[in-house]
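Please read the sequence and the model below side by side. The text that follows goes from the whole chain to single strands.

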Amino acid sequence: EEPFEAPNWTLDGRALIFNASGSSEGRGRLHRFDLMTRRPALIETGSAVRNNNDHVISFDGTMLGISSHSAETGASTIYTLPIGGGEPKQITPLAPSYLHGWSPDGKWLVYTGGRDDRYDVYRIPSDGSGPEERLTDYEGLDDGPEYAPDGRHIYFNSTRGGTMQIWRMKADGTDPEQVIDDEYNNWFPHVSPDGKQIAFITFPKEVDPADHPYYERVYLRVMPVEGGAPKVIAYVYGGQGTINVPSWSPDGTMLAFVSNTRMD
């Protein structure tokens with residue numbers, strides 16, 4: 001009855017963090033779902049209560065980065081707070097900004113920013129101490145940026161070739177290279193904890209390359225980081241909110257995702 005989206009796995013492997021969505025009174029709130037008790041508990045996020053499904057846990061497991069529409073403008077703004085909850089600190093002065101990755105050393109947040117009707121990849125110091133830096137500058141949509149565990153590359157998805165495909169670049173934005181090129185539209189690359197595999201969601205070619213709608217028949221696929229044929233690991237009725245966030249288990253053996261398929 002209350003939709004939920006975007007499950008993140010906590011570093012200790014004991015819980016998933018997800019956001020409530022839909023039109024209910026509790027939409028936009030974040031929850032911690034205990035995997036032993038199978039019960040959710042509300043995470044206190046202070047004044048940031050209209051949160052979307054772009055949230056990230058720091059590599060050391062102590063901090064939570066969120067994207068919230070709670071600012072006066074109503075546009076998505078990035079905040080950080082302790083993993084257990086608390087009053088959030090605003091990080092991005094400009095909006096809309098949609099968070100997707102935290103650098104392994106904890107120093108940077110990487111995100112999609114809408115500036116002058118263009119959506120590109122940006123980074124900003126995670127403590128909010130400096131201005132944002134633009135890492136991509138191409139026509140079309142660049143989205144879903146996420147650091148590899150070694151911090152050397154940022155993986156992202158881009159329509160710069162016509163369809164939505166997976167790319168990567170160095171952490172400073174240089175040397176972009178395409179990772180996969182096929183007939184589908186591929187979104188939200190997530191690198192496994194050991195840095196050897198990439199998981200992503202694949203929309204059919206009939207879907208607009210720049211769109212990732214709810215309620216589509218999609219694939220979850222995995223491929224080696226060095227390249228090769230992707231392998232389908234799940235057929236899902238999902239889309240927006242299914243696998244927007246880093247969702248590998250800490251040991252790299254499982255992926256958390258949301259499916260809207262009826263299970264009766």
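How much area does the chain expose, and what share of it do carbon and sulfur atoms supply? The exposed area is about 12400 Å², and carbon and sulfur atoms supply 50% of that area. The model is predicted, and the values given here are computed from it.

The chain has 20 strands and zero helices. Its C-alpha trace spans about 50 × 40 × 35 Å along the principal axes. A compact globule of 264 residues would have a radius of gyration near 18 Å, and the chain, with 17 Å, agrees with this. Of the 264 residues, 50% count as buried. Contacts across the sequence can be put in numbers too: among those between residues at least 6 apart, 38% join residues at least 24 apart. As for charge, the chain carries 23 positive and 38 negative charges, and the mean positions of the two sets are 4 Å apart.

The strands can now be taken in groups. Strands of a sheet pair through backbone hydrogen bonds, in either a parallel or an antiparallel sense.

Strand 7 covers residues 77-82. Is strand 7 largely enclosed or largely open? Five of its six residues are buried, so strand 7 is largely enclosed by the rest of the structure; buried here means under 20% relative accessible area. Strand 7 has strand 6, residues 63-68, as an antiparallel partner, and six bridges join the two. One residue pair to look for is Gly65 with its bridge partner Thr80 in strand 7.

Strand 7 also pairs with strand 8, residues 89-90, again in the antiparallel sense, here over two bridges. Thr80 appears in this pairing as well, standing opposite Lys89 of strand 8. Thr80 can therefore be followed from Gly65 in one direction to Lys89 in the other, with strand 7 enclosed because five of its six residues are buried. Strands 7 and 8 form a hairpin with six residues between the strands, and in this hairpin Gly85 takes a positive phi near 115°.

Further along the sequence, four strands form an open sheet in the order 13-14-15-16, with antiparallel pairing. Which strands are the edge strands? They are strand 13 (142-147) and strand 16 (177-178), each of which pairs on one side only. Within the sheet, strand 14, residues 153-158, and strand 15, residues 165-170, are joined in the antiparallel sense over six bridges. A residue pair to find there is Ile154 and its bridge partner in strand 15, Met169.

Methods: Residues numbered from 1 in each chain as written. Predicted model: local features only at pLDDT ≥ 70, side-chain atom pairs only at ≥ 80, totals over all residues. Heavy atoms only, no water. Buried < 20%, exposed > 50% of the residue type's maximum accessible area, 1.4 Å probe, protein only. Pairing = 2+ DSSP bridges. Rg over C-alpha atoms; globule rule 2.2 N^0.38 Å. Contact = heavy atoms within 4.5 Å. Areas by Shrake-Rupley, 256 points an atom, 1.4 Å probe, with all protein chains shown as cover. Lys, Arg positive; Asp, Glu negative; His and termini not counted. Charge placed at Lys NZ, Arg CZ, Asp CG, Glu CD.
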